[in-house]
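Colleague: Could you walk me through a few of the labels used for this model? I would like to see how each one follows from its value.

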Amino acid sequence: MTPFAKAALATLATRGVQAIIVALIVGIVSFAMMQALPGDAAYRIAAGRYGYDMMDAASAEAVRIELGLDQPALVQMWTWLKALAQFDLGTSAVYGTSVAEEIGAQLGYSLLLAAGAVITSLLIALPVGIVTGLRPGGVLDRMTLAVSIFLRAIPAFALGIVLVLVFAVQLKLFPVAGFKGASNLVLPSLTLGLGLAAVSNRVVRDAVAEAMSADWRLFARTKGLSARLTLTRHVLRNASVPVVAYIGVQLAYLIEGVVIVESVFAWPGIGHALVHAIFGRDIAMVQGTALVLGLTYVALNLCIDLACRGIDPRGRAA
Amino acid sequence: MSLLEVTDLAVAAGSLQLVDGVTLDVRPGEVVALVGESGSGKSLTALSVIGLLADSLRITRGSIRFDGVPVHGAGGQDMADLRGNGLAMIFQEPVSSLNPLMPIGAQVAESLIVHGRASAADAAQQAVRMLGRVGIPDPERRAHQLPAELSGGMCQRVMIAAALISRPRLLIADEPTTALDVTIQAQILDLIRDLAEEEGTAVLMITHDMGIVAEMADRVCVMYGGRVVEQGDVHDIFRQPRHPYTAMLLRTIPRLDHPPKQELFAIPGNVPSPRNWPQGCRFKTRCDRATAQCDATPALSEGAHRVACFHPLSEGMT
């Protein structure tokens with residue numbers, strides 16, 4: 001077995017254990033938070049099923065008995081965890097459909113949006129960061145710093161609404177919301193991507209600036225490499241190590257952002273479903289989506305780990 | 001004829017003069033030591049020669065000729081042709097001067113490849129041979145290792161291999177042993193001297209260590225405050241230093257034949273920073289022979305043993 005494969009396996013094992021711990025914690029915390037919400041869950045679920053004007057105290061009581069909401073909280077949680085151990089996420093309290101199937105249909109859309117956001121952020125952050133990193137302290141550097149602070153300071157939902165007002169309502173370049181085709185992907189990706197790029201362009205800039213002032217860069221120049229060749233052969237690869245690692249740090253922002261931006265753009269993804277489920281007190285759906293979000297976070301982090309190992313061979317032998 | 005001829009070189013950062021009239025020459029195959037304290041301008045002189053001064057620095061005066069051809073001001077392309085071809089350089093920090101992500105074999109082979117002097121496969125083979133010549137054990141295997149897997153002394157050998165694989169006519173060595181253990185220093189100096197002799201490579205050795213000068217150099221060039229103050233054959237300078245600064249430098253070498261526990265000699269005062277260089281002779285503030293005449297700038301005398309001083313020491317005065 002190559003050292004790389006061995007290290008990759010070790011990473012995989014660590015992340016596997018981490019995934020189990022995350023599943024437990026997310027399950028317990030999200031359950032506790034659903035319990036802590038004010039109001040009668042059975043009443044809200046019944047309203048979700050039959051409509052507010054069609055339900056009464058009797059139907060709420062029926063729901064309470066059916067879903068076991070009358071049982072102690074600890075018993076309910078134990079039931080959920082037991083089912084989870086058999087890979088059963090249960091059924092939606094409101095729609096009666098399988099939670100796993102619902103999530104299966106939505107997760108793809110969320111991943112599409114997340115990928116769109118990361119690609120957008122890289123399309124912005126890489127060129128901007130490289131150009132400013134080559135001339136740190138220059139006019140462009142200071143300008144992009146100001147724009148970065150501005151964009152980072154705006155919450156994603158506000159930026160999303162501004163983009164919709166300008167590009168969808170006024171200029172009519174892109175659709176306002178929903179998902180009918182690729183053009184729907186542009187504004188939500190841009191909303192999230194700008195937020196991500198606001199920080200990552202500075203990370204790219206710092207990484208490039210540091211690599212440009214490294215001793216090994218000067219030594220490469222003495223060997224007769226042109227400035228351009230030194231950049232492509234030496235500087236960019238070294239600079240990419242912290243940049244890729246930082247994408248891992250941004251995953252938390254990304255997942256949080258997906259939930260919010262999906263709601264703003266009525267995107268048919270898992271984040272939108274989560275918000276809906278919380279309002280409808282659809283406990284099984286909330287538990288299921290929170291769990292999948294947590295596990296997606298672990299899985300994406302694993303990808304970042306492997307990518308880092310691919311770029312930076314140091315420590316592979318160890 | 002001289003291989004390298006630097007005449008009245010001046011380097012400035014903005015309005016701040018850092019090197020102010022350096023004249024020196026290196027003949028084919030000889031070792032010239034460029035001596036001076038930190039801030040005397042010796043490294044800047046070397047970087048001017050190889051054409052890799054930082055963007056903030058400018059050559060404001062003087063000429064540099066390599067093999068009779070002016071290099072300063074000649075287009076950037078000519079300079080890149082010369083680097084890693086006729087001219088090579090090694091640095092003080094061997095570990096940080098190697099790209100941490102690139103196997104050492106590839107870094108040694110690089111100058112051959114960028115100058116189109118060997119195919120990739122041929123260059124890799126030559127690199128392994130060169131690694132063997134600089135004393136890397138098991139070069140075949142080591143060529144695939146990263147700098148982090150090698151000690152500092154080994155990294156300096158790798159840098160020497162990368163510089164000498166192109167068979168340069170002049171090697172600039174900027175304090176190549178300062179960062180190394182004393183026991184390793186001697187090995188590295190021997191290696192540089194032996195390889196340079198075998199290949200007929202001239203060496204411009206930058207150092208502040210008079211012990212290294214005595215061991216390595218054919219001729220010496222002493223710098224102070226951005227200027228050359230004395231230049232001549234190593235025997236002449238050690239037997240009869242003419243500039244008071246050179247004489248004091250020589251007195252700073254601890255000697256085994258001195259009585260024990262005797263206080264070590266230190267040159268009184270501090271090196272003035274370029275902002276506070278005195279008018280006229282820059283050493284006058286620390287010199288015991290200074291007079292009113294020293295308010296004028298002394299010119300470097302002509303001949304084999306040259307000195308820039310109004311009151312040089314003569315035979316029998318040290």
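Modeller: Happily! Asp67(B) sits in the loop that links strand 4 (57–66) and strand 5 (69–70) of chain B. Keep in mind that this is a predicted model.

Colleague: Why is Asp67(B) called partly exposed?

Modeller: Its relative accessible area is 35%. Buried needs under 20% and exposed needs over 50%, so Asp67(B) falls in between and is partly exposed.

Colleague: And what is the phi of Asp67(B)?

Modeller: Near 60°, a positive value in a residue other than glycine. Most residues other than glycine have a negative phi. Phe87(A) also has a positive phi, about 60°, and is not a glycine. Phe87(A) lies in the loop between helix 4 (73–85) and helix 5 (99–134) of chain A.

Colleague: What makes Phe87(A) exposed?

Modeller: Its relative accessible area is 77%; exposed means over 50%, so the label fits Phe87(A).

Colleague: How do you know that Ile50(B) is buried?

Modeller: Ile50(B), in helix 1 (residues 42–50) of chain B, has a relative accessible area of 0%. The cut-off for buried is under 20%, so Ile50(B) is buried. Ile50(B) and Ala88(B) are 38 residues apart in sequence and 8.0 Å apart in space, C-alpha to C-alpha.

Colleague: Why are helix 9 and helix 10 of chain A called roughly antiparallel?

Modeller: Helix 9 (residues 215–222) and helix 10 (residues 227–264) of chain A pack at about 150°, their axes 10 Å apart. Angles over 145 degrees count as roughly antiparallel, so the two helices of chain A earn that name. Helix 9 passes helix 10 of chain A in a right-handed crossing.

How values were computed: Residues numbered from 1 in each chain as written. Chains lettered and ligands numbered in written order. Predicted model: local features only at pLDDT ≥ 70, side-chain atom pairs only at ≥ 80, totals over all residues. Heavy atoms only, no water. Axes fitted to C-alpha atoms, helices over the stretch in contact; angles between N-to-C directions. Helix = DSSP H or I, 4+ residues; strand = E, 2+ residues; numbered from the N terminus. Parallel < 35°, antiparallel > 145°, perpendicular 65-115°, else oblique. Left-handed = near helix turned anticlockwise from the far one by under 90°. Buried < 20%, exposed > 50% of the residue type's maximum accessible area, 1.4 Å probe, protein only.
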